[in-house]
Amino acid sequence: MNEDNKPFKENDPGWQGGVAKNITFIVTKDCQLACKYCYLVGKNEKERMSWETAKAAIDYILGHEADFPEASVVWDFIGGEPFLEIELIDKICDYLKTEMFRLRHHWFDSYRFSFSTNGINYHTDKVQDFIKKNHTHLSIGITIDGTRRKHDLNRIWKGDGPERGSYDDVVRNIPLWLEQFPGGGTKVTISSADIPYICESVLHLYSLGIHEVNINCVFEDVWSEGDDKRFEDQLMQLADAIIDGGYYQDYACSFFSEHIGKPLDPELENQNWCGAGKMLSVDAAGNFYPCTRFAAYSLREKRPIIIGNVRDGIDKNKLRPFLTLDRLTQSPRECIDCEVASGCAWCQGENYDAAATPTVYQRATAICLMHKARVRANNYYWNRLFRKLELEGEREQWEKNKPESNDVIC
Amino acid sequence: MAKKKVGQVTPVERDEIQRLFERRNGLNELAKILTADNAELYERLVTDMGETGTKFQQWWDTMAQKYSWESIPDGNWEINFDTCEIFLVTPEV
Amino acid sequence: MLQYMIILLDDTSTSFCHYEVNKTERHLISLDDLRAGIRLAMIENLNVQMVYPDYELPQEYKELINTIDHSDIVPIALNHNDADVVVTDGWNSTPPAGGVAVIRTTLAELLQHGEDVSKWLATVTRLNIVITDVASFTDDDQKAYSNFLNLLGENIDKLYVNGASPQLNLLTDRMMLSAMNNCGAGDTCITLAPNGKFYVCPAFYYENPDESVGDLENGINIPNKQLYKLDYAPLCRQCDAWHCKRCVWLNRQLTLEVNTPGREQCVMSHLERNASRQLLTSIRQKGTFLPDKPEITEIDYLDPFDKIKN
């Protein structure tokens, strides 16, 4: 018998990938860290969400059920560092649960609370109490970038004085996190300076017990000449290490995917990559955004795209460009004709920030050479792996049980 | 633990138990914060917990009867919500 | 490809479209800039439309303007006998005999002046009605506007039966078209402002003079110019409200993107489209009419966005 005294036990249900509404509370624009690659250029200690604003946002959203027909919802909390505001988050979540139930809202039967944290406060009593209280509805990712030297290269403490890395402050919480969320994955971000440490970092994360490593290059134009070759070399080393070490059986790394590097059909595969506009973000001022990346603190060059606020609601006209976006309309000819286009991602916010005019219809291509390098290494990985499995007679078995990873890019 | 596939349900049947599973979890976590001070809501919660629990059990009973899944003492059935597969899970001896 | 150049002769040149002229001080384009604009139009084979203020231009301007084949867009108050298009705000003016007229009006005013529309149609060759408050059109206004258009359609139907062929942009353009025929700002049409700089259209100049897309010295350079083309407008390229202005300035006001219309513009254009359909059907019941033009099909949406979403 299981703990419910029933002669059966369910698996973790997983989650409604791709069909849930994602609603993000930007609870603070503060963070303990000052990561060098962070796209949040306007972080500060002042803009903290008040309870009144959070409540008004919830009342608006739950009060307009017809405008949010998605079967499921992910209530997402980001910062800065969201757990700096754990007391507010706890109050928000309690209110959400109560109100969804009181209003007989359809989301009561299908919701999650999601966090992407730097992990520093993970062990504190307040965070742990929150986790215990909401465990079956939580999705928590701790960001750790790899080995100490890779992590500390970018993820440094905020403040004056000598640079201080945050690796030790994060890694101590990994065992507790994995104990509570055994399937927990981490998100690794690669910019130019990180390239030499990719292979060692992924293997290090595996050694910490993290079975799913979601890793991607930043979309900003940060790349130097030769980075693509160095990147390819690192991925080739990683491919060899994963195959020779047998990691492919139980571990996943999002760099390697069977589905990338193919041409895309202009009609059948014309959908937008990014979910901006299908998501909703709200900040401390009570403004709504199509995604957090369109809030002022995320933008270098452009004005924020505000699509409404908690008092007046959502201006649906402002959502129309996002919801009618397709791949071809925003892509330059080189992307449309690209023979390795599949899996080449983009971020609508970065597209907007980098565009020649204030538009979401101009795709940034800074990542082009890095994607092509990834495709080459990816081809090598699968050719080597399949050959090995075939020679060992394990291909069929592996296909049945292969680990899956999500191509999480933002 | 040993795990053996013993059956399969339809996606519609899977959706039904998944919704009940989610609702049961939601009610359990709501019960941690809702007190008898909020009498009306509390009463609704208690009633709902009872009803959801009953429906949950009924689903397994109905499906077990419909599909005649293999079972053994001390074993549990599990459903994989992604694949709709039913597994018999038994403790290792 | 560029085909038209609008030249605003003065900062107070009349508005003939959705935008308001927010400058009150007279400021004529310099003769040098006007000359250079005319020269460019000749070199690029552009049709020129001169837009006049409500005062007489100096003689040297008139002479220079006459050096190129062009159209004159003139405020009705100027009493310009040779105007190709006369423009008036509201319904107080007397219709001129013949020619093309533009009436700028709010929706509420328009709904009260159905008889005046018929009066204007009886004297001018063509009437363009520009509704100036499209942005505030709500779903509650749909029924009133639809009824108004259908009533107007009945009057036009009678005129056609009696052998007249009045043109009213809101109702007859759609019947005559076989494909999209929109404003073309930024695509087929460019505007030269009195400051000697180019703009996507006059509205962009009045909204923000710093937002020019080139000047007479360096030429025209429209960033992301593909976004002004129909192929790059996901909603419009599959729409058949072919007479719609598809105003890129309104688009940007309402949706922040020049290639995406707001719901208001779409719904109004579809109400006009549907009223045109009714008019076309009615005229054709009485005899052969525009035999080379296809039927306007019945559709079940007023906003193509709803079609895409579903």
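A salt bridge here is a side-chain nitrogen of Lys or Arg within 4 Å of a carboxyl oxygen of Asp or Glu. Keep that in mind as we walk through this structure, which is a predicted model.

Let's start inside chain A. The domain assignment splits chain A into domain 1 (10–181 + 275–324) and domain 2 (183–272 + 327–410), and the C-alpha centres of these two domains lie 25 Å apart. Where they meet, 33 residues of domain 1 of chain A are in contact with 32 residues of domain 2 of chain A.

How big is that meeting place? The size of an interface is often given as the accessible area lost when the parts come together. For domain 1 and domain 2 of chain A that comes to about 2,600 Å², with 57% of it on carbon and sulfur atoms.

Now for the salt bridges. The rule finds 7 of them across the interface of domain 1 and domain 2 of chain A. If you'd like one salt bridge to look up in the model, try Asp353(A) and Arg300(A), whose side chains meet with 3.6 Å from N to O. Going back to the interface between the two domains of chain A, you'll also find 22 residue pairs in polar contact there, both partners at pLDDT 80 or more. On the side of domain 1 of chain A that touches domain 2 of chain A, at least two residues each come from strand S4 (138–142), helix H4 (148–154), helix H5 (167–171), helix H6 (174–180) and helix H9 (320–323) of chain A. H4(A) gives the most to that side, with 4 residues. Sort the residues of this side of domain 1 of chain A by character and you get 17 nonpolar, 8 polar and 8 charged.

While we're in chain A, have a look at a small piece of sheet. Strands S5, S6 and S7 of chain A form an open sheet of 3 strands in the order S5-S6-S7, with parallel pairing. Its edge strands, each pairing on one side only, are S5 (185–190) and S7 (252–253) of chain A. S6 (residues 212–217) of chain A is joined to S7(A) by 2 bridges, and Glu212(A) stands opposite Ala252(A) in S7(A).

What about the other chains? There are 2 pairs of chains in contact, and chains A and B share the most contacts. Chain B and chain C don't touch, and their nearest C-alpha atoms are 23 Å apart.

Chain C meets chain A through 22 residues of chain C and 17 residues of chain A. Together chain C and chain A bury about 1,600 Å², 55% of it from carbon and sulfur atoms. The count between them is 2 salt bridges. Arg237(C) forms a salt bridge with Asp326(A), and the closest N and O atoms are 2.7 Å apart. The rule also finds 10 residue pairs in polar contact across the interface of chain C and chain A. On the chain C side, the elements giving two or more residues are helix H8 (248–255), helix H9 (263–284) and helix H10 (304–309) of chain C. That side of chain C divides into 11 nonpolar, 6 polar and 5 charged residues.

Finally, a couple of backbone oddities. Most residues other than glycine have a negative phi, and most peptide bonds are trans. Yet the bond from Gly79(A) to Gly80(A) is cis, with omega near 20°; Gly80(A) sits in the loop between strand S2 (72–78) and helix H2 (86–102) of chain A. Leu256(C), for its part, has a positive phi, near 75°, and lies in the loop between H8 and H9 of chain C.

Key
Residues are numbered from 1 along each chain as its sequence is written. Chains are lettered from A and ligands numbered from 1 in the order in which they are written. This is a predicted model: local features need pLDDT of at least 70, side-chain atom pairs count only at pLDDT 80 or more; totals for chains, interfaces and linings use all residues. Side-chain values use heavy atoms; hydrogens and water are left out. Domain bounds come from an automatic or database domain assignment. Contact means heavy atoms within 4.5 Å. Buried area is the accessible area (1.4 Å probe) that two parts lose on being put together, summed over both. A polar contact is a pair of N or O atoms within 3.5 Å; within protein, one must be able to donate a hydrogen and the other to accept it, and residues adjacent in sequence count only if both atoms are side-chain atoms. Ala, Val, Leu, Ile, Met, Phe, Trp, Tyr, Cys and Pro count as nonpolar, Asp, Glu, Lys and Arg as charged, and the others, Gly among them, as polar. Two strands pair if DSSP finds at least two bridges between them.
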